[in-house]
Amino acid sequence: MNQDEPIIRIENLHKSYDDKQVLKGIDLEIYPGEVIGYIGPNGAGKSTTVKILTGLISDFEGHITVDGINLKENALPIKSIIGYVPENAELYDVLTPLEYLDFVGKLYDMETSLIAARATKLLTAFGLSESLNKRMDTFSKGMRQKVLLTSGIIHNPKILILDEPLSGLDANAVIVVKELISLLAKEGKTIFYCSHMMDIVEKVSDRILLINQGSIVANGTFEQLKAEHGDSLEHIFAKLTGHAETSGSASSIMSAFE
Ligand SMILES: Nc1ncnc2c1ncn2[C@@H]1O[C@H](COP(=O)(O)OP(=O)(O)OP(=O)(O)O)[C@@H](O)[C@H]1O
C-alpha cells in the first residue's frame, strides 16, 4: 500500500443501539505508521468505534476501508491484519500462556514452531519467563494483561488496536508497552490507542482524536491542540467535552456525605 494512502478510511460512520445514536457521522483518515490516541469521556463511543473497526460490530452505517479492503463486504482479511487488545477480555484460565497463544496463533494460520518461538520471546520481554507453563487461573490482573497484549501482536499485524492496554500493569510494564508502541510504529505499524491516561496519550501519540457524544471534536497533534485549546491534554479534554468544572463535580460528590 502507498504510504500516502490512508490505511484506515472512515466515512460518515453512524451507529445506533436501538434508537440511541452513539456515533454521529465520523470521518477519519489514518495513515500507515501513525500512532493515534483516541480519547473521550465515558460513553463517548470509543469502544463502539473500535468494535466496528475490528469487525465485532457489523451493523453500522457509513463506509470503511482498511488497507484498501471494504470492511462491510470483506471483514475476514481485515481481521488478519489487525491485532486487537480489548478493554475487558476473558482468557481461558485452564490454559497456560503458551497453550493460549498457540490457540490464538493457529486462528491466524501460524506455524506451531513460529508461535512458540515468538510467544516465548514476547512473554519473556514482559517478565513472564517463569510463568510460561503455569495455568493462568493463578495469574494477577497485570500478568493476564501481558498475555492479552502478546496475543494482540503474535501474528505481527499491520494495525494494532489497543483499548486501555495499560490497565492493571505495573510501572515497569507500562514502560515496556510505551517503548513497544514506539518501536512498532517505527517499523511502520499503525497503532490506534484508546485510553483515559492523558499523560501517556500525550507522550505516545503522533495525533490525538477526541470524541465527545459520538462526534470527533478535536483532531491534531498534541502541539496543534495545545496551540488551539489549552496547555495540557487534561485541560483540552475538559474544555472540549464540557467538563471544565471537574473539581466542582468532586465537591458535589463530597456533599452527599454532609
Ligand atoms: N451493546 C450495547 N447496547 C446498547 N448500548 C450500548 C451498547 N454498547 C455501548 N452502548 C452505549 O453506547 C454508548 C457508547 O459506548 P462505548 O462503550 O462505545 O463508549 P466508550 O467511549 O468506549 O466509553 P468508556 O470510556 O466508558 O469505555 C454508551 O452510552 C453505551 O451505554
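**Two sheets, one enclosed helix and a ligand shell**

Let me begin with the open sheet built from four strands, whose order is β2-β1-β4-β5 and whose pairing is antiparallel. At its edges stand β2, residues 20-30, and β5, residues 69-70, each of which pairs on one side only. I should say at once that this is a predicted model.

Within this sheet, β1 and β2 run antiparallel and are joined by eight bridges. One pair to look for is lysine 15 with its bridge partner in β2, leucine 23.

Ahead of β1, which spans residues 8-17, comes the segment that holds aspartate 4. Is aspartate 4 buried or exposed? Aspartate 4 counts as exposed, because 7 C-beta neighbours lie inside 10 Å, and the limit for that class is 12 or fewer. Its C-alpha atom is 7.1 Å from that of tyrosine 31, although 27 residues separate the two in sequence.

At the other end of the sheet, the loop between β4, residues 61-66, and β5 contains aspartate 67. Aspartate 67 is a residue other than glycine with a positive phi, near 55°. It counts as partly exposed because it has 18 C-beta neighbours inside 10 Å, whereas a buried residue would need 20 or more.

I turn now to the second sheet. Here six strands form an open sheet, with mixed pairing, in the order β6-β7-β8-β3-β9-β10. Its edges are β6, residues 82-85, and β10, residues 215-220; each has a single partner strand, so one side of each lacks a neighbour in the sheet. On average, and ignoring direction, neighbouring strands of this sheet are turned by 15° against each other.

Consider β3, residues 35-39, and β9, residues 207-212, which pair in the parallel sense over four bridges. Isoleucine 36 has arginine 207 of β9 as its bridge partner, and glycine 37 stands opposite isoleucine 208 in β9.

In what sense do β9 and β10 pair? They pair in the antiparallel sense, over five bridges. Leucine 210 finds its bridge partner, alanine 218, in β10. The hairpin of β9 and β10 has two residues between the strands, and glutamine 213 in this hairpin takes a positive phi near 45°.

Helix α6, residues 171-186, lies across β3, β7 and β8 of this sheet. Its direction is at about 150° to that of β8, residues 190-194.

Before β7, in the loop that follows α5, residues 141-153, one finds asparagine 156. Asparagine 156 also has a positive phi without being glycine, near 55°. With 15 other C-beta atoms within 10 Å, asparagine 156 is partly exposed.

Next, the interior. The largest nonpolar core has 61 residues, and those touching the most other members are Ile36, Tyr38, Ile161, Ile191, Phe192, Tyr193 and Leu210. Two of these names have come up already: Ile36 as the bridge partner of arginine 207, and Leu210 as the bridge partner of alanine 218. As for tyrosine 193, if residues up to four places away in sequence are left out, its contacts include Val35, Ile36, Gly37 and Tyr38. Also touching tyrosine 193 are Leu162, Ile181, Val201, Val204 and Ser205.

My next subject is helix α1. Why can α1 be called largely enclosed by the rest of the structure? The reason is that six of its eight residues are buried. These are Lys46, Thr48, Thr49, Val50, Ile52 and Leu53. The elements that cover them include β1 and β2 as well as β3, β7, β8 and β9. The cover therefore includes strands from the four-strand sheet, β1 and β2, and strands from the six-strand sheet, among them β3 and β9. Just after α1, glycine 55 takes a positive phi of about 85°.

I finish with the ligand. The residues around it are Tyr17, Val22, Gly40, Asn42, Gly43, Ala44, Gly45, Lys46, Ser47 and Thr48. Which helix supplies the largest share of this shell? It is α1, residues 46-53, with three residues. By class, the shell divides into three nonpolar residues, six polar and one charged. Lys46 and Thr48 thus appear twice in this account: both belong to the shell around the ligand, and both are buried in α1.

Conventions. Residues numbered from 1 in each chain as written. Predicted model: local features only at pLDDT ≥ 70, side-chain atom pairs only at ≥ 80, totals over all residues. Pairing = 2+ DSSP bridges. Axes fitted to C-alpha atoms, helices over the stretch in contact; angles between N-to-C directions. Contact = placed C-beta atoms within 7 Å. Near = placed C-beta within 6 Å. Nonpolar A, V, L, I, M, F, W, Y, C, P; charged D, E, K, R; others polar. Core = buried A, V, L, I, M, F, W, Y, C linked by C-beta atoms within 7 Å.
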